[in-house]
Amino acid sequence: MVTGSGAMLVATGTQIAQCPLRVLLVGEKEEDFFLIREILERNRGMLPAELEHARSLDEAHCMLEQKPYDLILFEHETGNAEAVQLLTEFHHAGRSVPFLLLTENADEKTVAELIHSGSWNCVSRSQLDGATLVRSIRGTLALDSMQKEQRSAEESLRKLSSAVEQSPDTVVITDRQGAIEYVNPAFEALTGYKSDEVRGRTPRILKSGEQGPEIYEDMWKTILSGNVFRGILVNRKKNGELYYVEESICPVRDSQGQITHFIANGRDLTERLRLEAQLLQAQKMDAVGRLAGGVAHDFNNLLTIITSYSELALDDVREDSPVATKIQEVLLAAKRAAELTRQLLAFSRKQPQALRVVDLNPVVAAIAKTLPRLIGEDIAFSFIPGQGLGPVRVDPVQMEQVLMNLAANARDAMPQGGHLGIETSQVHLDQDYIQQKPAAIPVGDYAVITVSDDGAGIPREHIAHVFEPFYTTKPAGKGTGLGLATVYGIVKQNKGYIWVYSEQGSGTVFKIYLPCAVKGRPAQLANSRPEAVAAGTETLLLVEDEPAVRRASAEFLRMQGYKILEANDGLDALSVAKQHPAAIDLLVTDVVMPNMSGGELAKELARRIPKMKFLFVSGYAGKTVMDHHVLDLDTNFLQKPYSLKQLGAKIRTALDIKKGMAAGHSGRVARS
Ligand SMILES: Nc1ncnc2c1ncn2[C@@H]1O[C@H](COP(=O)(O)OP(=O)(O)OP(=O)(O)O)[C@@H](O)[C@H]1O
Ligand SMILES: [Mg+2]
């Protein structure tokens with residue numbers, strides 16, 4: 001790089017004239033200034049220059065501060081330390097103006113010392129004729145220019161090398177045969193190989209065997225023909241782990257155009273691919289969930305009809321008749337089908353929830369008591385409750401479903417016996433932890449349930465599928481593949497996260513993270529309420545758009561002594577109610593109906609008949625039900641498919657709610 005005008009003069013030789021060289025003479029002697037100025041004047045054609053004079057070191061400093069000079073001529077007396085001092089200061093200040101000494105009788109030792117300190121050249125004052133001075137100045141400027149170029153080249157090299165050293169991408173430089181000459185720290189960090197270990201070897205040490213030979217053949221063909229190879233390679237780290245890398249390899253040529261080296265640049269894709277796979281998996285689960293939820297909804301109506309009519313038919317036949325046994329079989333099958341749809345609903349997160357803020361330990365402890373019966377005697381069981389657990393907002397009944405399913409799986413994985421452990425603990429997930437976790441889990445406090453077994457474990461390639469509905473490795477008739485799908489759906493519905501860790505042969509661990517509730521006090525678990533008496537004489541308005549369901553329910557309820565008014569939708573119900581305003585004690589309505597939802601109907605009727613009570617029925621407790629927060633799932637909600645006995649019991653419970661509470665309910669309905 002050429003900088004000063006003097007340097008340009010020297011570098012180009014003939015292009016003089018434009019910009020005279022700025023020279024500063026530092027020395028006491030006035031006559032030397034005149035002499036040198038005259039010499040320079042005489043040689044102006046060869047070397048245009050302007051000379052200025054500083055009579056002392058201080059003056060030199062001032063002048064140098066004010067403007068730049070291309071050259072300093074320094075008069076040096078032997079034994080005078082000023083020149084060395086000025087040079088040293090110059091160096092410290094990071095300036096590099098070429099520096100030429102004028103000396104008289106200087107001994108070689110002094111000259112050497114000055115040159116060592118940074119002077120460029122030394123001219124004897126007695127030889128100060130035009131040719132000597134001009135030659136010395138030219139030589140000095142040439143040297144200066146060369147040094148500047150070298151410094152700048154070194155600077156670029158330093159930047160380049162630190163860019164490569166600090167790059168988050170891996171950089172590997174090989175010779176033409178592929179022998180590694182250089183790897184950067186990112187390569188060492190990713191692969192686990194140290195630079196010394198790989199130098200001289202070829203990148204074949206990273207080959208995983210997961211890709212066919214074609215990709216490597218293509219790579220060599222591309223780069224040997226002088227082109228850039230781009231591709232995704234599946235490599236293996238020193239510790240055996242696989243990683244995915246987006247690699248680009250380009251050839252490096254010498255001045256003759258011959259390929260001498262290759263530079264490979266790699267970006268680790270492992271994390272990105274894993275996140276993409278997770279997202280894909282989550283989307284797949286969502287889609288399957290929606291499908292399952294839709295199917296379950298329609299099934300529930302059909303099952304309600306089957307169950308109801310079977311129950312009614314059973315009442316018409318003698319208990320010991322062969323028909324009764326057949327109807328019992330139908331009921332049993334319907335019950336099993338209802339259980340399946342219940343699981344599908346759980347997976348699709350459409351299961352009605354009775355959320356409460358609870359302490360997790362008593363909830364888990366109550367469930368844990370029932371588990372030994374489920375897992376059998378050959379499996380040892382332990383429950384270790386953690387300390388300091390924050391309250392969580394969950395449905396305890398759903399938690400039971402979760403733990404039962406996990407325990408049943410653990411049991412099946414340990415046919416020869418083993419150990420099933422359940423633990424609870426409290427964790428705070430901070431930013432650092434979450435960055436390591438490839439999932440979108442928010443920072444915060446979580447109560448964690450860990451369920452572990454030392455059974456058969458899950459093969460690596462199966463893990464991605466275990467939460468899918470109908471995925472099972474169990475023989476036909478043994479497993480439906482809905483257990484973990486249910487668990488997954490429930491955990492999601494409770495705003496939690498679930499992870500599975502498993503090693504084939506050494507067991508499986510499921511971890512469920514439930515976010516701690518911020519507000520509210522833990523509720524005491526309600527004792528299961530006694531069966532309500534189903535019969536009664538009150539008047540009920542039954543609203544149901546599925547005629548078969550309505551007819552069966554009405555028939556049964558009439559048999560129980562109730563007076564039943566029927567309506568097939570909301571509008572119909574309003575007109576029926578108009579004719580019997582005083583007589584209606586309870587509205588039993590489906591939630592999701594055409595024209596007018598159950599919520600809207602209840603709101604309208606609550607205005608007209610303040611004393612009326614409500615029972616909502618739905619096979620599909622989707623957004624419509626959940627978001628209104630109008631329901632006490634214990635008392636005024638019944639999920640389809642239901643048996644007529646369950647309907648009778650629920651109706652009795654709803655009718656028997658104290659008046660004050662009923663008013664409260666209608667108030668809440670009014671807001672929906
Ligand atoms: N603790 C475990 N140890 C080993 N494998 C397990 C474990 N839990 C689940 N699996 C595997 O995951 C599969 C899916 O489990 P999931 O509970 O969803 O269905 P299932 O147990 O096969 O059937 P279902 O629970 O509906 O009766 C199982 O078939 C099994 O291969
Ligand atoms: Mg299971």
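1. Asp175 is a charged residue without a charged partner in this predicted model. The residue is buried, yet no salt bridge is assigned to Asp175. Arg176 carries the nearest side chain of opposite charge, and that side chain is 8.8 Å away. A separation of 8.8 Å does not count as a salt bridge, because the nitrogen and the carboxyl oxygen must lie within 4 Å.

2. What surrounds Asp175 instead? Asp175 belongs to strand β6, which covers residues 170-175. A polar atom of the Asp175 side chain is 2.9 Å from the backbone nitrogen of Gln177. Leaving out residues up to four places away in sequence, Asp175 touches Glu181, Thr260, His261 and Phe262.

3. Salt bridges are found elsewhere in the structure, which holds 24 of them. One of these joins the side chains of Glu30 and Arg55, with 3.1 Å from N to O. The pair links distant parts of the chain, 25 residues apart: Glu30 is in helix α2 (residues 30-42), and Arg55 is in the loop between β2 (49-54) and α3 (57-66). Glu30 has a relative accessible area of 29% and is therefore partly exposed. Arg55, at 38% relative accessibility, is also classed as partly exposed.

4. Another salt bridge is formed by the side chains of Lys640 and Glu544, at 3.1 Å from N to O. This pair, too, links distant parts of the chain, with the two positions 96 residues apart in numbering. Lys640 sits in the loop between β22 (637-639) and α21 (644-656), whereas Glu544 sits in the loop between β18 (539-543) and α17 (547-559). Are these two residues buried or exposed? Lys640 has a relative accessible area of 2% and is buried. Glu544 is buried as well, with a value of 4%. Returning to the pair in point 3, salt bridges with shared partners join Glu30, Arg55 and Glu59 into one network.

5. Arg318 and Asp320 provide a further example, their side chains meeting in a salt bridge at 2.8 Å from N to O. Both residues of this pair are exposed.

6. The largest nonpolar core has 45 residues. Which of its residues touch the most other members? They are Ile449 and Phe467. The core takes at least three residues from each of two domains, domain 3 (274-347) and domain 4 (356-515). A second, separate core consists of 23 residues, among them Ala548, Val549, Leu557 and Tyr562.

7. The contacts of Ile449 can be listed in full, leaving aside neighbours within four places in sequence. Ile449 is in contact with Leu360, Val364, Met399, Leu403, Ile422, Glu423, Phe510, Lys511, Ile512 and Leu514. The list includes Glu423 and Lys511, which are charged residues.

8. Met596 is the last residue in this note. Its position is in the loop between β20 (586-590) and α19 (598-608). Met596 counts as buried because its relative accessibility is 14%, under the 20% limit. The C-alpha atoms of Met596 and Leu571 are 7.0 Å apart, although the two residues are separated by 25 residues along the chain. Leu571 is also one of the contacts of Met596 once neighbours within four places in sequence are left aside. The others are Gly570, Leu574 and Leu601.

How values were computed. Residues are numbered from 1 along each chain as its sequence is written. Chains are lettered from A and ligands numbered from 1 in the order in which they are written. This is a predicted model: local features need pLDDT of at least 70, side-chain atom pairs count only at pLDDT 80 or more; totals for chains, interfaces and linings use all residues. Side-chain values use heavy atoms; hydrogens and water are left out. Helices (H or I, at least four residues) and strands (E, at least two) are DSSP runs, numbered from the N terminus. Buried means under 20% relative accessible area, exposed over 50%, partly exposed in between (1.4 Å probe, protein chains only). A polar contact is a pair of N or O atoms within 3.5 Å; within protein, one must be able to donate a hydrogen and the other to accept it, and residues adjacent in sequence count only if both atoms are side-chain atoms. Contact means heavy atoms within 4.5 Å. A nonpolar core is a set of buried Ala, Val, Leu, Ile, Met, Phe, Trp, Tyr and Cys residues joined through side-chain atoms within 4.5 Å. Domain bounds come from an automatic or database domain assignment.
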